[in-house]
Amino acid sequence: MPRIHKSTIRRARQAERRHERNRATVNTVRTLIKKVQSAVAGKKVDEAKTSLLEATSAIGKAVSKGIVHRNTASRRISRLAHRVNALSGSGS
């Protein structure tokens, strides 16, 4: 029977806590992205712009915590901004 070290057990506990924390952050980011997309789909320019700011901030925080890769974050922000800008350009 293999020995299980105390440090291994501790690391498993830490990993579990981090996993839950990371999942919560990812879910928040996903929700904010969906909020922007629904505002764009509904052609609500002001709501889309405010939602974009919130989503951009949340994505940036996720990057700084190491949850999302910075290139992935840049791509998502870019695509969201492109959609919002196209909407505001046609709406004015």
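## Notebook: helix 1 against helix 2

I started with the packing of the two helices, and found that the axes of helix 1 and helix 2 come within 9 Å and cross at roughly 160°. That crossing angle is over 145 degrees, so I put helix 1 down as roughly antiparallel to helix 2. I also noted the hand of the crossing between helix 1 and helix 2, which is left-handed. A reminder to myself: this is a predicted model.

**Entry: helix 1 on its own.** I looked up the limits of helix 1 and got residues 6-41, a run of 36 residues. From first C-alpha to last, helix 1 reaches 52 Å, close to the 52 Å expected at 1.5 Å a residue. Next I asked which residues of helix 1 are buried. My list reads Gln14, Thr25, Val26, Val29, Leu32, Ile33, Val36, Ala39 and Val40. I kept a general point beside that list: an α-helix has 3.6 residues a turn, so residues three or four places apart point the same way.

**Entry: who meets whom.** I pulled the contacts between the two helices. On the helix 1 side I have Thr25, Val29, Leu32, Ile33, Lys35, Val36, Ala39 and Val40. They meet Glu47, Ala48, Ser51, Leu52, Glu54, Ala55, Ala58, Ile59 and Ala62 in helix 2. I then picked a few of these residues to go through one at a time.

**Entry: valine 29.** Valine 29 has its place in helix 1. Is valine 29 buried or exposed? I get a relative accessible area of 6%, which is under the 20% cut-off, so valine 29 is buried. Leaving aside neighbours within four places in sequence, I find valine 29 in contact with Ala58, Ile59 and Ala62. I also checked valine 29 against glutamate 47, 18 residues apart along the chain, and their C-alpha atoms are separated by 17 Å.

**Entry: alanine 58.** I went across to one of those partners, alanine 58, which lies in helix 2. Alanine 58 has a relative accessible area of 15% and is buried. Beyond neighbours within four places in sequence, alanine 58 is in contact with Val29 and Leu32. For alanine 58 and leucine 32, I read 8.0 Å between C-alpha atoms, with their places 26 residues apart along the chain.

**Entry: serine 51.** I stayed in helix 2 for serine 51. Its relative accessible area is 1%, so I have serine 51 as buried. Which residues does serine 51 contact, leaving aside neighbours within four places in sequence? I found Lys35 and Val36. I tried threonine 28 as well: serine 51 and threonine 28 are 23 residues apart in sequence and 13 Å apart in space, C-alpha to C-alpha.

**Entry: the core.** I looked up the largest nonpolar core and got 17 residues. Those with the most contacts inside this core are Val29, Val36, Val40, Ala48, Leu80 and Val84. The elements giving two or more residues to the core are helix 1, helix 2 and helix 3 (70-91). As a general note, nonpolar side chains tend to be buried together in soluble globular proteins.

**Entry: lysine 43.** Last, I went to the loop between helix 1 and helix 2 (45-64), where lysine 43 is found. Lysine 43 comes just after helix 1 and takes a positive phi of about 60°. I flagged that value for a reason: most residues other than glycine have a negative phi. Is lysine 43 buried or exposed? I get a relative accessible area of 63%, so lysine 43 goes down as exposed.

Technical notes
Residues numbered from 1 in each chain as written. Predicted model: local features only at pLDDT ≥ 70, side-chain atom pairs only at ≥ 80, totals over all residues. Heavy atoms only, no water. Helix = DSSP H or I, 4+ residues; strand = E, 2+ residues; numbered from the N terminus. Expected span 1.5 Å × (residues − 1). Buried < 20%, exposed > 50% of the residue type's maximum accessible area, 1.4 Å probe, protein only. Contact = heavy atoms within 4.5 Å. Core = buried A, V, L, I, M, F, W, Y, C linked by side-chain atoms within 4.5 Å. Axes fitted to C-alpha atoms, helices over the stretch in contact; angles between N-to-C directions. Parallel < 35°, antiparallel > 145°, perpendicular 65-115°, else oblique. Left-handed = near helix turned anticlockwise from the far one by under 90°.
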